[in-house]
Structures are given as C-alpha cells and as structure tokens.
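With the structure open in your viewer, please follow the stops below in order, making each selection before reading on.

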Amino acid sequence: MALEARFDLAPEKALAFFRAKGYVTSFAWQDVWQAEHDAAFTVAKMANLDLLRDVRAAVDRALADGSTFETFREGLQGRLVEAGWWGKGEMVDPLTGEAKLVQMGSPRRLRTIFRVNLQTAYSAGHWQQIQETKDTAPYLMYDAVDDNATREEHRAWDGTVLPADDPWWSSHMPPNGWNCRCGVIQLSAEQSRAMGKDVGDPAPASRIREYTNPRTGEVQQVPEGVDPGWAYNPGASRVEQLQRQLEDKRREWRDGA
C-alpha cells in the first residue's frame, strides 16, 4: 500500500502533529535536519514569515480536507506569484553573505512541499497510533510499492516484519527519501505467526555511507537506501516527549497521593 494512498484517511493525529509545529526560515533543505522537522515547519529559501504562514495554512487545509495536489496548487500558486516568490531570483545566503541565483516557487517545488509535508505528517500520526496499540499489535511490516520506480533497497525490505520497538525503525520508518512511497502495516502477534514469523525477521543489515552536510560541515552516517536527511522516524521525538510528560504527571500524582 503506497503511502500516498493514506492521504484520505482520518487526519486527526497527523493534524495534531502538524499543528504543534513552530516556524523556522531556512535557505537550504540541509539547514533543518531530520527530527528538527518534528518541531518546525519550513520551506527552503522562503524568508518571508507571512508567506511561510500562508504555505503552512495551505498544507493544513490539504491535511484536514484530504485535498489533491491540484487543489493545493490552485489555492497557493497565485499568492506566491503575487508575492514575487516564483521562478528564479537572487537571494543572499545568510550562511555566506553571498548573493545567489536560486529557484523559488515552481510547480515541481509545490509538489515537493505538498508531498513531503503530508507524508511526514501521516507517518508521524501513524507512529503515534502504533505506540498506542502496540500491546495488541506489536509488529510492523515494511510495505514497499513494487513497481519500476521502487528503489532496490526498499524492494529488498518489502515484507520485513520487526517488532515496533526494534531500533531499525528509528532510521528506516518510511518515508525514506524524496518521493518514497513506502509505508508500514501493523500486525498482531497472531498475524505475524500466520505468516510463519513467530518473532519477526532479523533486522536487515544496514550498510552505512558518510554524507557531509554542506551547510554545517558535519559528517552524517546515512544507511544505504535512505536519502540524506531522511534517516529518522517522523514524529518519534514528539511521541517520546509526550511519553515523558505523561510519566512526569504520573510521578507527580504518586508523590502527591
């Protein structure tokens, strides 16, 4: 089941995740790295905060209404053109102070903004649901789209069943890159056993490559088959924060009892 096919599911958890984000401006996509996206909404090369709010509102509507990309584009493109954030233009890179000719708005960039934000929001909402139900459905099965556009590594992971708490998911929870359409299917222990997997599968071996973030100079360890910047579990940091807050409240209740 492709991740895009889940865009029309009940969006409550995805919306809650998305609406809890703050804002941050960035010049390049590498400026906001991996789990930092759990806390902040950003569009690379969009320094105008009012415009950033307009784009965020359009994503919010798409999540809430289950809108198509065409509806998203039609409601936003005119605003971006009017604001001058369309086509190529000159911007100063705040990291270097250098003026650069950059690509701002375009149909392709709008599609990327739409797809990435909806995919990660639904993945984060799904992860929260998984955490809430893992006592009765403790396994996840990696589900790749088996067609000519599927990455070879993702095709190899297809059908892999692992416990929901397996560390592999911290770096391989879909989506695992730009335009990745993979997802996961949650399974009960009975469903896993019916597939002949009493305790799941061994975690796939992960070959690691180094990626140097050109914005920070930091060398990142990236698993093969995962694009740089995508080796994280969308929403996991938010779930962990909520779990810590719940534990704090429980502790306060016990101490005050």
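## Confidence first

Begin by colouring this predicted model by pLDDT, which averages 91 over the protein, with 89% of the residues scoring at least 70. Select helix H8 (residues 236-256), which has the lowest mean pLDDT among the elements of the protein, at 64, and then strand E6 (residues 161-163), which has the highest, at 98. Next select residues 1-8, where pLDDT stays under 50 and for which the model has 23 contacts beyond four places in sequence. Where pLDDT is low, the predicted coordinates should not be read in detail.

## A helix pair

Now show helix H2 (residues 49-65) together with helix H3 (residues 69-82), whose axes lie 10 Å apart and whose packing angle is about 170 degrees. An angle over 145 degrees counts as roughly antiparallel, and H2 and H3 are therefore described as roughly antiparallel to each other. To see where they meet, display the side chains of Leu51, Asp54, Val55, Ala58, Val59 and Ala62 in H2, and opposite them Phe72, Leu76, Arg79 and Leu80 in H3. By class, this contact has eight nonpolar residues, two charged residues and no polar ones.

## Two nonpolar cores

Keep Val55, Val59, Phe72 and Leu80 selected and add Val43, Met46 and Leu63: of the 31 residues in the largest nonpolar core, these seven touch the most other members. The elements that each give two or more residues to this core are helix H1 (12-19), H2, H3 and helix H4 (107-133). Centre the view on Val59, which, leaving aside residues up to four places away in sequence, touches Phe18, Phe41, Phe72, Ile113, Asn117 and Leu118. Then move to a second, separate core of 19 residues, including Val116, Leu140, Tyr142 and Cys180.

## Backbone details in two loops

Go next to the loop between strand E2 (40-41) and H2, and select Lys45 there. Phi of Lys45 is near 70 degrees, a positive value in a residue other than glycine. Is Lys45 buried or exposed? Lys45 is buried, with a relative accessible area of 17%.

The last stop is the loop between helix H6 (169-172) and strand E7 (183-187), where Pro175 lies. Pro174 and Pro175 are joined by a cis peptide bond, with omega about 5 degrees. Asn179 is found in the loop between H6 and E7 as well; although Asn179 is not a glycine, its phi is positive, at about 65 degrees. Asn179 is partly exposed, with a relative accessible area of 47%.

Definitions and conventions: Residues numbered from 1 in each chain as written. Predicted model: local features only at pLDDT ≥ 70, side-chain atom pairs only at ≥ 80, totals over all residues. Heavy atoms only, no water. Axes fitted to C-alpha atoms, helices over the stretch in contact; angles between N-to-C directions. Helix = DSSP H or I, 4+ residues; strand = E, 2+ residues; numbered from the N terminus. Parallel < 35°, antiparallel > 145°, perpendicular 65-115°, else oblique. Contact = heavy atoms within 4.5 Å. Nonpolar A, V, L, I, M, F, W, Y, C, P; charged D, E, K, R; others polar. Core = buried A, V, L, I, M, F, W, Y, C linked by side-chain atoms within 4.5 Å. Buried < 20%, exposed > 50% of the residue type's maximum accessible area, 1.4 Å probe, protein only. pLDDT = per-residue confidence, 0-100.
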